[in-house]
Amino acid sequence: MKSAMRYLLLAIFTISCCLSGCASKSDEPDLDSLTSESLLGEDTQYAYLNQVLGGMSSRDMFDMVDNMMSNMNAAVRAGDASAEDYSNLVRVLNNIVDWMDSTKPKTAAEEAAGSPGLAMLDMMVENNVGDIMTRAVRTAGPDILTAHVFPMMAYVMACDKQIVDDAVNGITINDLGFDTSKLTRQNFSAMVNAAHGFLDEDNADYKAIRDAWDALDAKIDQRGLDVTVGDVKDMLPDMDLEDMDNLPLYIDTFSALHKLYDEDPKIKEDLDKMMYALGHLMKTNKASDGHNAWDTRSMSDMERLLYCLGDVLKPEGRGKLSAFMLRVLNAIDGLDGADNIYGATSALSRIYNMRDPYTNTIPDLNEIDYALYRAMFQMNQDFEPTETGTVKFSEMRTIMLIFDVMCILSDTLSGDPTEAILSLIDIEDGEKGEAGGPVISTRSDILQFVVNLWGQSCYSYPKSFHGSYTIDSAAEYRPYPDPLQGTDWLWFNEDIRYMGLPTPGLSWLLNFVTNFALTDYVMGIMTESMNSLVTFTGSNNKKFTSGHYHRMLSLAGPLIQYYGDINYGSQLIHVIGAMNEVELSSYMPMSIWLNKGTLRQANTGTAFETIEGPYGYGLIYYLMRGASGERYNHDADIADPALDLLVRVLYKLNTTPYEDSNLLRHLCDLLTSHDFNPDDKTNQELIDDLFEDDGFIDNLYTFISANHEPLAQVCATLGDVIMTATDQTDKQKDIFYSDDVAALVQTGVLPKLGAGLKGNRTAVWNLVNNTLNQADVHTEVSAAAADLAATVCDKAELITSDLAAAVPGLDEIIDASTVDYDYVSADSKLQPFIDYLVDDVNGKENPLIFNLKALGYKVMGIYDATYNPSAGALKYDDNTPVMDVVNHVMGDTGIYDTAPLTNFLFDLTGDNGDVLWRLIDADETYNPLDLHWLEKIFGDDLDDMLSWEFIRSMCLSYNGQDPVMLMVFKTIHLDHNGQAIEFGGVMNDMSTFFHNQEFQPGTRLFDGIFDALKVVVNCWG
C-alpha cells in the first residue's frame, strides 16, 4: 500500500506541474485574475512539458475543470451519477485547496530524499528511453489517445454494472502487494547481480557470448536469412480472441486439477515416476539386445528409439507405412456417429472404480508396461518367444489378424443368414452380477452381437464365477466386477444355448459359425489363430488366465462396453482389424504351406512389423521396457504411471459438475468444435501431404538421420539432469517431495545442467548447424548460429552458477508476491462480461477489438488495409524474410531500437539493485507523510469513493460537450508542429522539475494551480 501511495503522489505532482499556471497569488483570486500566459513558456527550461500541454494556462485549466464539473452536474441530472459522487468530487477539490493552503515550503533535500521513482526517472533520461516512445508515436500517429484509446475505454465503461459485478463475484484477492518481510537483502542482491551480469555490456565474463551474437548478426545481415514471414506464420497456432469465451471452462479445469493434485497423493507419485522414467530412458545405457543390425553395443534406449524411428521412416518403407496409416484412417471414419472422444475418455475414467480403497492403487495399471512390451510383442499366440517358437507372429499381430477375419465373417454373414443363425442361439437372462448372461438387444450383425456380449460380460458375469476365483499373488486387490474375469467367463463359461443345448461359451460359437459358414482360407485362419484367442482371453474352465498376460484388457473392457452399448462395437473391431497388413487373399495356411505358412514368418515387411521390430525388439519395446526386462521391476516404468495418471485425471474431470454436465463433457465438446480440416481433404489427400517430397515425414527422417549422434548425446545430458532432480532413493533430493525445492535446484540440478551442456558443446554445435542447414539457411549463417550455441555451452557452468545464485532471491520474491485467492465458480458469471468484450456489434468488430488491432498494427508499423492503411507502413507478405521485419522493428535503424531500454535495465539493476530494493520498500522505515497527504486530499475513507456509474459518466457526452475523459486526452498533445513530441525532452523536463523543487509554495507553478483551483471551489463548492 505504501508503494502505491508513493506512486500516486508522484502522479499527483506530475499532473500538478502539467496543469499549473504562472499567475501571481492573491488572497481572493477570481476569474479575471487568472493569467492567459502559458503554463510553461517555450523560452523556459520546460519547453517540452509545455508542448505536451499545448501551452495551457491557469485560465485554460479553470475552463477544463469547469467543463468537468458541468458534466458532473449533467451526469447527476441524467441519473448516470449520484449526488454522493458529486459531493465526493467537490470534497476532493476542497481538500486539495485546503492542503495546498496549509502546506509549508520544504527544502530540496527533504522533498527528494531517497526517492526511487526519481532515481528511475533519471536513469531513463540518461539512457534515452524516451526515444523509444518518440518513435512509437511517430509510427502510430499522434491521435492514438483520442482515436483509439478513448473509444476502447468508452466501450468497456459502457458495460452494464451488474455484468461487471457478476464477473468478479466469487474471486477474492487478499493481498495485492509484496510481503517484504520475506525478503533478505543478501539474496535479493545476488538475484539482481545475476540479472545485471547478463545485461551489462561491460561484463567480461559474457563477452564471448556477445561477440558470437554480433558475429551471427553480421552473417545474417551479409547473407540474409531465407526463413520468410510465411514460414513463421505456418508454425504458429491460430489465435482468436473468441477463445476467451472458454476462459471459465479453463479456470474450472485448472481448479479441479489443482484440487486433485492436493487430494490424491498418487498424482504426485505418478508424475515423479514418469519424470524419472523419462530421464532413465534418455540417459541409462543398456547392453546390446542383438536383434537389430544397428544394436551391437551398449547404448541408451533413447538412442535405440532414434534408430527405430529411422527404420520406420526410411524411404524404402514409406509406401507400406502410408498405406497402413490410410487403412487405419479409413477404418476410423466408420466410427462416425459415435461421440468418440467423450465416450472413450469417460469409459476410461471408470477404470478408477477398480481402485483399491485401502492402498489407493489400480492394480492392473501396475503391469501395463510388461503386457505391452513383452507379452504382446515378443510372445506368439502360444505365449512362446517368437524367435524360437514355430509360430513367429507376435500375439498382437495375430489378434489383429483374428479381428480382421471376424470383420470379414461379419460382412459375409450379414443379412438373413446371420439372423437365422442367431435365432438358434439363446442367452440366459439374469440380473447384473447374478447367474445368467447379459441381455443382448441387437442381433442383426454377428460381429456386433459378439462385441455386445463381450462389453456387457465385462461387468455382468455371475458372482458365482467370481467366488470360485483364486486371487493371484501379483494381482493385489481386485474389486468386483472385473473385466478380465468377465472376458474369461464370456469366451469359455457363459451359458449359451444352441437349440436348447448348453454350449461352452463364445469360443464355441465362433468355431461353430466358422465351420458352418465357410470352408475356405478364412476357416483355416480362424482355426490356426484360435490358440492366440485362447491365450488372449484365457483357457477353458480356468479363471483369471487372461489377466496373467493381458492387463491391457482392463483398459479395453470399458471401451468395448461403451462402443457395444452404442452399437458401434463392430466398427471398433474394424479399426483394429484394419491394422492387420497381411492380405487374407494371399494368406498361406500352415497345414498346406508348412514352414512357408503365414504365421511361421516374421519377415513379411509390413509397417507394423517395422514398428514392432524383429521379435518385438522395436519402437514400442524400447519406449516401454523401463529400467529392467524383469516383469516386476518397476523402477523406471513409463506406461504404468502415465495410464494411472490419465485415469485419475479423467475421473476427476468426469465427476466435477460444470453447467448442465461435467468438465470432461465440455472439454470434449470444445475439442471437437474446432475445424481440424477446413479444406475437407480426403484421407488419401492427407496422407499424400504427409508423405510428399520435402514433407513432414521426409524432413523428420532427414533430421533424425543427420542428428542421430548429437541428439543422443544431448538427450543423455538432459536425462542425467532429470534423474538428478527426481532421485528415487532420497525424497529430499526429489523436486516432487523436497522440503526445499529452491535449494535442490540451486545445488544439484543447475550444476549438473551446466556441466552437461559444457561437456556436449560439440554435439550442440552439430545439432544447430545440421538443423539450420536442413532449412536451407546459408551455410555461413548456420555455422555462426552453431558457434553461438557452442559458446553458450562453453559458458554453461558460469551461466548456471549465476542462475543458482539468483534462485534463493527469486524463491523469496515468488513467496512474497503470492496472492491468496478463493475462486468459487458457481458464484461467478464471467462469461457475459467476456462476451461483451469480444462479441461483434451490429456485425462489426466492437471498438475494443478493432482499436486493439489498429494500435497493434500501427505501433508495429505493419500495413493492413483495415487497421493501418498508412502508405509508409511496412508491407510484408509471405515472401518477406523474417530478418527484414526484425531489422525494421528492432534493428540498428529500427523503429524500436531496444538498446536504450536494455541500458536502462542494467542501470536499474546496478549497485546491488539499490533502486529496486527501495522501490519495493524493503527494509525501509515507514513514512507516514505519504498517507497523511492522501488522507488530506481524499479523506479518511479511500475505498469505494466513486461509483461505477460516475466512472462511466467520464466517458459520456452531455450538453454537446466532449466527455471528460476525451477532454483530458485532448489536453495531452503528442505532436508539436506536425512532429512527434520528443519524449526524451519531456522526461528531462520532468527530472529537472522535480530536482529543482518547482512545486513548492511561493513558486509560480504552485501558486498558479492553487489560484485556479480556488476559483473552481468558490464557484462549485
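How many salt bridges does the structure hold? The structure holds 30 salt bridges, and several of them are stops on this tour of what is a predicted model.

**The whole chain**

Begin with the whole protein in view, coloured by secondary structure if you like, where 50 helices and eleven strands can be followed. Of its 1021 residues, 48% count as buried, while the protein exposes about 47,900 Å², of which carbon and sulfur atoms supply 55%. Among contacts between residues at least 6 apart in sequence, 74% join residues at least 24 apart.

**Salt bridges around helix α32**

Select D644 and K266, whose closest N and O atoms are 3.7 Å apart in a salt bridge. D644 belongs to helix α32 (residues 639-654) and K266 to helix α14 (residues 265-283), so this pair ties together parts that are 378 residues apart in sequence. Both D644 and K266 are buried.

Keep D644 selected and add R648, since the side chains of these two residues also meet in a salt bridge, at 2.6 Å from N to O. D644 and R648 both lie in helix α32, four residues apart, which is about one turn of the helix. D644 is buried, with a relative accessible area of 3%, and R648 is buried as well, with a value of 1%. To see the wider arrangement, extend the selection to D264, K266, E269, D270 and K273, which are linked with D644 and R648 in a network of salt bridges.

Next, select R625 and D301, which form a salt bridge with 2.9 Å between N and O. R625 sits in the loop between α31 (619-624) and α32, whereas D301 sits in helix α15 (residues 301-313), and the pair links parts of the chain 324 residues apart. Both R625 and D301 are buried.

**A buried arginine without a partner**

Move now to R952, in helix α47 (residues 948-953). Which side chain of opposite charge is nearest to R952? That side chain is D80, 4.9 Å away, and R952 is buried yet has no salt bridge. Leaving out residues up to four places away in sequence, R952 touches M157, A158, C159 and D160.

**The nonpolar cores**

In soluble globular proteins, nonpolar side chains tend to be buried together. Here the largest nonpolar core has 117 residues, and those with the most contacts inside it are V405, W454, W491, L506, Y563, L599 and Y622. Helix α19 (residues 395-412) gives this core its largest share, ten residues. Centre the view on V405 and, setting aside its neighbours within four places in sequence, look for its contacts with V522, I525, M526 and L584. Another core, of 36 residues, lies apart from the largest one, and includes Y46, L118, A140 and V986.

**Out to the surface**

Select M244, L247 and Y250, which form a nonpolar patch on the surface with about 240 Å² of accessible area together. L247 lies in helix α13 (residues 247-263), and at 32% relative accessibility L247 counts as partly exposed.

**Two unusual backbone angles**

Most residues other than glycine have a negative phi. L594, although not a glycine, has a positive phi of about 55 degrees; look for L594 in the loop between α29 (590-593) and α30 (607-612), where L594 is exposed, with a relative accessible area of 54%. Finish at E659, also not a glycine, whose phi is positive at about 50 degrees. E659 lies in the loop between β7 (657-658) and β8 (661-662), and at 64% relative accessibility E659 counts as exposed.

Technical notes
Residues are numbered from 1 along each chain as its sequence is written. This is a predicted model: local features need pLDDT of at least 70, side-chain atom pairs count only at pLDDT 80 or more; totals for chains, interfaces and linings use all residues. Side-chain values use heavy atoms; hydrogens and water are left out. Patches are made of residues with over 30% relative accessible area and no salt bridge: like charges are joined within 9 Å, nonpolar side chains (Val, Leu, Ile, Met, Phe, Trp, Tyr) within 5 Å. Accessible areas come from the Shrake-Rupley method with a 1.4 Å probe; for residues, only the protein chains shown count as cover. A salt bridge is a side-chain nitrogen of Lys or Arg within 4 Å of a carboxyl oxygen of Asp or Glu. Helices (H or I, at least four residues) and strands (E, at least two) are DSSP runs, numbered from the N terminus. Buried means under 20% relative accessible area, exposed over 50%, partly exposed in between (1.4 Å probe, protein chains only). A nonpolar core is a set of buried Ala, Val, Leu, Ile, Met, Phe, Trp, Tyr and Cys residues joined through side-chain atoms within 4.5 Å. Contact means heavy atoms within 4.5 Å. Lys and Arg count as positive and Asp and Glu as negative; His and the chain ends are not counted.
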